[in-house]
Amino acid sequence: MSPKLVAFDLDDTLAPSKTRLPEPMARILSRLLDHTSVCVISGGQFGQFRTQVVEALDDVNAPHLDRLHLLPACGTQYFRCVDGEWQRIYVEALTEDEKSRAIDAVETCARNLGLWEERTWGPRLEDRESQITFSALGQQAPVDAKKAWDPSGEKKLKLREVVAAKLPDLEVRAGGSTSVDITRVGRDKSFGMGKLLAATGLSKEDVLFYGDRLDEHGNDYPVKVMGIPCVAVTDWQDTADKLEKLLSD
């Protein structure tokens, strides 16, 4: 193995959307932590990371959690395991005014576009402190419903476009399969990865990133643009297969 740090998107890269790591993936990450540092960066809040990643790794007795870097909300927050406890290293919090304007804009635009769905699973809007996230079907929507809602991505991209026009001082991005994320300008995954490189002293060439949305409109694309070597995957099984090859090299 050559990378000094292997980084991952979370949903649809390490696990199906909003679900915990499947046991085979947790065991592969556990083996990876034996060899190198690991980073997970995604739009979710830390509570989601704890449920999806940390608890799954705890269940397989993963070693070296001090080598695990967690970057919720696209890297606008950073958590490390210090003496067995998860500690937040930084947060790029939105102001109350920024949050209020973001929530008002995305709800108004979703209603105007007919995207304020009647049937949802959990809240549509979530304040992640450094990011406001709109999930069209709610935060706990089942994977099949999310895949069926906007298979082409057109709904999400149209919503992003009209919300962005209302919030010129903030950044609006298409997030997961049914979500739109709002942060301060420039706070995408390249921001989080840049902060991580600065914190660890690593170079871009030291890192290998795996993501399922490395296409031009995908939320992993900024990592590719910044020059970090990337591996495109289709789902967690594809990631697992490619990690097995990495571990065998």
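In the predicted model, Glu-126 has a relative accessibility of 13% and therefore counts as buried, the limit for that class being under 20%. The side chain of this glutamate meets that of Arg-128 in a salt bridge, with N and O 3.0 Å apart. Arg-128 is likewise classed as buried, because its relative accessible area is 6% and the class takes in values under 20%. A separate set of salt bridges, connected through shared partners, joins Asp-9, Lys-189 and Asp-220 into one network.

Arg-128 itself is found in the loop that runs between strands β6 (125-127) and β7 (132-135). When residues up to four places away in sequence are not counted, Arg-128 touches Lys-18, Gly-43, Gly-44, Gln-45, Gln-77, Thr-133, Gln-139 and Asp-181. The link between Arg-128 and Glu-126 also appears as a polar contact of 3.0 Å between the two side chains.

According to the unreviewed UniProt entry, the annotation "binding site" covers Arg-128 together with Ser-179 and Asp-181. Although these positions span 54 residues in sequence, no two of their C-alpha atoms are more than 13.4 Å apart, so they gather at one spot. Arg-128, Ser-179 and Asp-181 from this set are also part of the lining of the largest pocket.

Within this annotated set, Ser-179 is found in strand β9, which comprises residues 179-184. With a relative accessibility of 9%, Ser-179 counts as buried. Leaving aside neighbours within four places in sequence, the contacts of Ser-179 are with Thr-133, Phe-134, Ser-135, Lys-156, Arg-173 and Ala-174. Thr-133 thus appears among the contacts of Arg-128 and also among those of Ser-179.

A further "binding site" annotation in the unreviewed UniProt entry covers Asp-9, Asp-11 and Asp-212. These aspartates span 204 residues in sequence, yet no two of their C-alpha atoms are more than 8.5 Å apart, so they gather at one spot. The lining of the largest pocket takes in Asp-9, Asp-11 and Asp-212 from this set, just as it takes in Arg-128, Ser-179 and Asp-181 from the set described above.

Asp-11 lies in the loop between strand β1 (5-8) and helix α1 (23-35), and at 17% relative accessibility this residue counts as buried. Apart from residues up to four places away in sequence, Asp-11 touches Pro-16, Ser-17, Lys-18, Gln-52 and Asp-212. The approach to Lys-18 involves the backbone of that lysine, the side chain of Asp-11 reaching its nitrogen at 3.1 Å. Lys-18 is in addition one of the residues touched by Arg-128, and this lysine is therefore in contact, at heavy-atom distances within 4.5 Å, with a residue from each of the annotated sets.

Asp-212 is placed in the loop between strand β10 (207-211) and helix α7 (221-225). Once neighbours within four places in sequence are left aside, Asp-212 is in contact with Asp-9, Asp-11, Asp-12, Thr-13, Asp-220 and Val-233. Among these contacts, Asp-9 and Asp-11 belong to the annotated set that includes Asp-212, whereas Asp-9 and Asp-220 are members of the salt-bridge network that also contains Lys-189.

The structure as a whole holds 19 salt bridges. One of these joins Arg-101 to Asp-169, with the closest N and O atoms 2.7 Å apart. This pair links distant parts of the chain, as Arg-101 belongs to helix α3 (residues 96-112) while Asp-169 sits in the loop between α5 (154-166) and β8 (170-174), 68 residues apart. Arg-101, with a relative accessible area of 27%, is partly exposed, and Asp-169, at 39% relative accessibility, also counts as partly exposed.

Another salt bridge lies within helix α3, where the side chains of Arg-111 and Glu-107 meet with N and O 3.1 Å apart. Because Arg-111 and Glu-107 are 4 residues apart in this helix, they are separated by about one helical turn. Arg-111 is partly exposed at a relative accessible area of 47%, and Glu-107 falls into the partly exposed class at 25% relative accessibility. By contrast, the salt bridge between Glu-126 and Arg-128 has a buried residue at either end, the relative accessibility being 13% for Glu-126 and 6% for Arg-128.

Methods
Residues numbered from 1 in each chain as written. Predicted model: local features only at pLDDT ≥ 70, side-chain atom pairs only at ≥ 80, totals over all residues. Heavy atoms only, no water. Salt bridge = Lys/Arg side-chain N within 4 Å of Asp/Glu carboxyl O. Helix = DSSP H or I, 4+ residues; strand = E, 2+ residues; numbered from the N terminus. Buried < 20%, exposed > 50% of the residue type's maximum accessible area, 1.4 Å probe, protein only. UniProt positions renumbered as here; feature names shortened; annotations may be inferred. 1 Å grid on protein atoms, 1.4 Å probe; cavity = no way out; pocket = protein on both sides within 12 Å on 5 of 7 lines; lining within 4 Å. Polar contact = N/O pair within 3.5 Å; in protein donor to acceptor, adjacent residues only side chain to side chain.
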